[in-house]
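Trainee: I would like to take a close look at one part of this model, and then to see how its surroundings are arranged. Could you go through it with me step by step?

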Amino acid sequence: MHHFFAYMARMKQILRWGLMRNTRPENDQEHSLQAAMIAHALATMKNVRHGGNLDANRIAVLAMYHDAGEVITGDLATPIKHFNPEVHGAFERMEQMARRRLLGMLPDDLSGAYAPFVCPDETSEEWRYVKAADKICAYLKCVEEIRSGNGEFLKAKAAIESGIRSLAEDGMPEVDEFMKQFAGSFELTLDELN
């Protein structure tokens, strides 16, 4: 018996934004789907509008699994994770160990096919799109919380927005395009969307 997918199903038990009051809790499973959709969109925009040659589908799958290790480690809040280089490095090593453990939960004949997604090359251009999507997701969570009257996310929104601008300035114009063309819709009510 192999436990990989049973562990993946537990992503819905890993809550994000643990140090902040949330009007609506967000879990890793729903976050991973949103990240996959946005990463796919960013890669598609790169290909269609900027002459890219990215595999948007592969990038979407990378994003689906980008937080997979957290089913073992849990989600460590960003201020703690980035408190100092030693803590950050230790957590990175722990996440890599968790990812390898998950990979070991697959049958041998499948582990090679899943390895690039569960234990990704975090220096690749593809991973850059996953991280950009992750940052956009964080921004959108802030927007939704602020729209619900939760001022606790105001500073986080400003900091994340600055990081998103940096990505656009660092050769990812599709990030800026996504923000201009899609992010504003998250500030609207359903009636306004209709």
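Trainee: Is Gly 69 buried or exposed, and what is its relative accessible area?

Mentor: Before anything else, please keep in mind that this is a predicted model. Gly 69 has a relative accessible area of 3%, and because buried means under 20%, the residue counts as buried. As for its place in the chain, Gly 69 sits in the loop that runs between helix H3 (56-64) and helix H4 (70-73). In space, the C-alpha of Gly 69 is 8.0 Å from the C-alpha of Val 118, although the two residues are 49 apart in sequence.

Val 118 leads us to a pair of helices, since helix H7 covers residues 108-118 and packs with helix H6, residues 85-103. Two packed helices are described by the angle between their axes and the distance between the axes. For H6 and H7 the angle is about 155° and the axes are 10 Å apart; angles over 145 degrees count as roughly antiparallel, and H6 and H7 are therefore roughly antiparallel to each other. Their crossing is right-handed.

A second pair can be read in the same manner, namely H2 and helix H8 (residues 125-147), whose axes come within 8 Å and cross at roughly 125°. That angle makes H2 and H8 oblique to each other, and the crossing of H2 and H8 is right-handed.

H2 also takes part in the second largest pocket, which has a volume of about 160 Å³. The elements that give two or more residues to its lining are helix H1 (4-9) and helix H2 (28-50), and the largest share, three residues, comes from H2. The lining consists of Met 8, Ala 9, Met 11, Gln 29, Ser 32, Leu 33, Met 64 and Tyr 65. Sorted by class, the lining of this pocket has six nonpolar and two polar residues, with no charged residue.

Finally, the loop between H1 and H2 holds Trp 17, a residue that deserves a separate look. Trp 17 has a positive phi of about 60° although it is not a glycine. With a relative accessibility of 16%, Trp 17 counts as buried, because the cut-off for that class is under 20%.

Technical notes. Residues numbered from 1 in each chain as written. Predicted model: local features only at pLDDT ≥ 70, side-chain atom pairs only at ≥ 80, totals over all residues. Heavy atoms only, no water. 1 Å grid on protein atoms, 1.4 Å probe; cavity = no way out; pocket = protein on both sides within 12 Å on 5 of 7 lines; lining within 4 Å. Points joined across faces, edges and corners; volume = space filled by probe spheres on them. Helix = DSSP H or I, 4+ residues; strand = E, 2+ residues; numbered from the N terminus. Nonpolar A, V, L, I, M, F, W, Y, C, P; charged D, E, K, R; others polar. Buried < 20%, exposed > 50% of the residue type's maximum accessible area, 1.4 Å probe, protein only. Axes fitted to C-alpha atoms, helices over the stretch in contact; angles between N-to-C directions. Parallel < 35°, antiparallel > 145°, perpendicular 65-115°, else oblique. Left-handed = near helix turned anticlockwise from the far one by under 90°.
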